[in-house]
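Q: I am new to this structure and would like to take a close look at a single part of it. Please guide me through that part slowly, in one connected answer.

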Amino acid sequence: MWLRRAFFWWLFPAAVVLPAWLLAGWIAFDAGGWALLWVLFLAMPSVFVSQLILAFLVRARSSVRLTRAVSWWDVLGFGVWHALIIATGLFNATWFAPVLVLTLFVAVALFWLTLWQLWREARDGTRAYLRAADGTAYLPPQPQPQAQPKAAETPVIVVVERPPDA
C-alpha cells in the first residue's frame, strides 16, 4: 500500500521533475545543439502536459481519491513510463531512438489504461466507500437478503357457492 500511495503523491511533482530531468540530462550527457531544441520545444512540454493529463485522469477516479492510492495497474504503467523517460534523458546515441519510440508507445498505452479504469469505475457506480477513523477507506459490507419467514402450513378450504336451480 505504501508504494501505491507514494505514486499517488508523485504524480504531480513528476510533471515538473521529469521535464527538468530531460534538460539536466542534456546538460550532463552533452547531447548537442539540435537535441537542445528538441528538449526545449518538444520533449519538455509534451512530458509536462501528458503527465498532468494522466495525473488528472487518475485522480478523477473515486477509489483513488478516497484511498489516496493509485491502482497496481497505475504503478506498473507510470513506473515503466517514468523509467523510459529517465532512460531517454541519458541521450545515449546507440539506443536513444528505440527508447524514445517505446516511451511514446507506453505513454499512449498508459493514457488508454487510465481511461479504461476511469470508465470501468464510473460504470460500476454502485460502489460506496466509507472511511475509518484512521482515514483508511473501505467498502461497507453488502446487506444480505433476509430469508422470508415460511407461513404456517394450515389447510386451505375453498367453498364454492352455487346459485339455486330455478
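Is D30 buried or exposed, and why does it count that way? From there, please take me to helix α4 and what surrounds it.

A: The model is a predicted one, and D30 is a useful place to begin. D30 counts as exposed because its relative accessibility is 67%, above the cut-off of 50%. Its place is in the loop between α1 and α2, and although D30 is not a glycine, it has a positive phi of about 50°. Most residues other than glycine have a negative phi. F91 also has a positive phi, of about 55°, without being a glycine, and its place is in the loop between α4 and α5. F91, however, counts as buried, because its relative accessibility is 13%, which is under 20%.

This leads to α4 itself, which has 17 residues and reaches 24 Å from its first C-alpha to its last, close to the 24 Å expected at 1.5 Å a residue. The buried residues of α4 are D74, V75, G77, F78, W81, H82, L84, I85, A87 and T88, and what covers them includes α1, α2 and α5. An α-helix has 3.6 residues a turn, so residues three or four places apart point the same way.

Two of these buried residues deserve a separate look. H82, which lies in α4, counts as buried because its relative accessibility is 6%; leaving aside residues up to four places away in sequence, H82 touches W10, A14, L18 and Q51. With the same kind of neighbour left out, F78 touches F7, L11, Q51, L54, V58 and L110.

F78 also has a part in the largest nonpolar core, where, of 29 residues, V70, F78 and W81 touch the most other members. The elements that give two or more residues to this core are α1, α2, α4 and α5, and the largest share, eight residues, comes from α2. In soluble globular proteins, nonpolar side chains tend to be buried together.

Finally, α4 is one of the helices, together with α2 and α5, that each supply at least two residues of the lining of the largest pocket. This pocket has a volume of about 350 Å³ and is lined by 18 residues, of which S46, V47, S50, L104 and A107 lie nearest its centre. The lining divides into 14 nonpolar residues, four polar and no charged, and α2 gives the most to it, with eight residues.

Notes
Residues are numbered from 1 along each chain as its sequence is written. This is a predicted model: local features need pLDDT of at least 70, side-chain atom pairs count only at pLDDT 80 or more; totals for chains, interfaces and linings use all residues. Side-chain values use heavy atoms; hydrogens and water are left out. On a 1 Å grid over the protein atoms alone, a cavity is a set of points where a 1.4 Å probe fits but cannot get out, and a pocket is an open set with protein on both sides within 12 Å along at least five of seven lines; lining residues have an atom within 4 Å of a point. Grid points are joined across faces, edges and corners, and a volume is the space filled by probe spheres set on the points. Helices (H or I, at least four residues) and strands (E, at least two) are DSSP runs, numbered from the N terminus. Ala, Val, Leu, Ile, Met, Phe, Trp, Tyr, Cys and Pro count as nonpolar, Asp, Glu, Lys and Arg as charged, and the others, Gly among them, as polar. Buried means under 20% relative accessible area, exposed over 50%, partly exposed in between (1.4 Å probe, protein chains only). Contact means heavy atoms within 4.5 Å. The expected span of a helix is 1.5 Å times one less than its number of residues. A nonpolar core is a set of buried Ala, Val, Leu, Ile, Met, Phe, Trp, Tyr and Cys residues joined through side-chain atoms within 4.5 Å.
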